[in-house]
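New to this one? Here's a quick briefing to read alongside the structure.

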Amino acid sequence: MKKLFAIFGNPVSHSKSPLMHNLAFDGLGYEGCYTRYRLEDGDMLAEKFFSLGLSGANITVPHKESAFRACDHLDPFALKVGAVNTIVERDGKLHGYNTDAPGFLRVVEEMGEYEKILLVGAGGTAQSTAVILEEMGYDVSILNRGAKRLEWFDERGFDTSVWDDYRPDARELIVNMTSAGLTDDTLPAPEEILSSLFEEADAVIDIVYGRETPFLKMAKSYGLKSADGSDMLLYQGILAFGHFTGEMYTFDDISRYMRRAFYI
Ligand code: NDP
């Protein structure tokens, strides 16, 4: 019998994950099927997971912290960052992982040899990626619109600033980790700050995918190397698929089929 998987989120109708995972199940001949579920109340996650008879799930905005709380077992990295985007059921227990951050790390490694990285944004994704980048020896600083979310980073010793107290600092790689540009035409920070950053930088990544954001457009006008969030999405999906299938396939095997979701 086929195993059933799903993505939980709200909204979730735009998600590419069902297509990505179904292409990989099909291509690799694995008996699996992946669907989507719009979940309003994150506290219902475990109940829904079991009532749908799922073997595994991905979790997207805004339920990654609820997913963290719903798990019986957490892998050490998910435990450290407090956010889960992948759940696997084993013997009636929920095991939680975070594949967003290692997916993003791979994108950074493929981008080039950079050391000094600025994350613009201080939400859940910035938290997990800042931790993994720091663990890998990168020099990470954070710039955010508001002060509130920077407290988490200050407590962990990161170099942080808000727009008003930002002092120019040369960074090789600048990353948009905000939702600015996702559905509107705003930049993630004031144009003057971005100009001074882009004059010194080599490359940018915008983790928004599927459209050219004002941030990416501006970076390109400075001749910077750039990438959108598609590879991050693909890589977190490949790593999640590995957990779902008990690591039966290599990264490249899964990638061969899952990548097709971006050409359809
Ligand atoms: P959160 O809601 O946790 O955090 C949002 C962050 O964006 C905050 O720092 C907030 O600043 C900032 N922000 C929001 N709007 C603006 C704006 N107009 N101008 C400046 N800053 C703004 O979000 P997540 O960390 O969960 O996700 C961030 C983005 O990453 C989303 O667009 C999401 O879709 C994308 N994403 C992409 C992935 C991929 O695979 N490509 C994976 C995961 C996420 P403040 O504190 O001041 O409110």
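What follows looks at a helix crossing and then at some aromatic rings. Keep in mind that this is a predicted model.

**Where two helices cross**

- Start with helix α8, residues 191-200, and helix α9, residues 214-221: their axes come within 10 Å and cross at roughly 45°.
- That angle is neither under 35 degrees nor in the 65 to 115 range, so α8 counts as oblique to α9.
- As for handedness, the crossing of α8 and α9 is right-handed.
- On the α8 side, the contact is made by E191, L194, S195 and F198, while α9 brings in F215, M218 and A219.
- Sort the residues of that contact by type and you get five nonpolar, one polar and one charged.

**Aromatic rings**

- The structure has 14 aromatic pairs.
- One of them is F5 with F244, a tilted pair with 4.8 Å from centre to centre and 40° between the planes.
- This pair ties together distant parts of the chain, since F5 sits in strand β1 (residues 3-9) and F244 in helix α10 (residues 230-244), 239 residues apart.
- Are these two rings' residues buried or exposed? F5 has 0% relative accessibility, so it counts as buried, and F244 counts as buried too because its value is 5%; the cut-off for buried is under 20%.
- F5 and F244 also belong to one aromatic cluster, together with F25, Y30, Y34, F241 and Y249.

How values were computed. Residues are numbered from 1 along each chain as its sequence is written. This is a predicted model: local features need pLDDT of at least 70, side-chain atom pairs count only at pLDDT 80 or more; totals for chains, interfaces and linings use all residues. Side-chain values use heavy atoms; hydrogens and water are left out. Axes are lines fitted to C-alpha atoms, for helices over the stretch in contact, and angles run from 0 to 180 degrees between N-to-C directions. Helices (H or I, at least four residues) and strands (E, at least two) are DSSP runs, numbered from the N terminus. Angles under 35 degrees count as roughly parallel, over 145 as roughly antiparallel, 65 to 115 as roughly perpendicular and the rest as oblique. A crossing is left-handed if the near helix is turned anticlockwise from the far one by less than a right angle, and right-handed if clockwise. Contact means heavy atoms within 4.5 Å. Ala, Val, Leu, Ile, Met, Phe, Trp, Tyr, Cys and Pro count as nonpolar, Asp, Glu, Lys and Arg as charged, and the others, Gly among them, as polar. Rings of Phe, Tyr and Trp (its six-membered ring) pair if their centres lie within 6.5 Å; planes under 30 degrees apart count as stacked, over 60 as edge-to-face and the rest as tilted. Buried means under 20% relative accessible area, exposed over 50%, partly exposed in between (1.4 Å probe, protein chains only).
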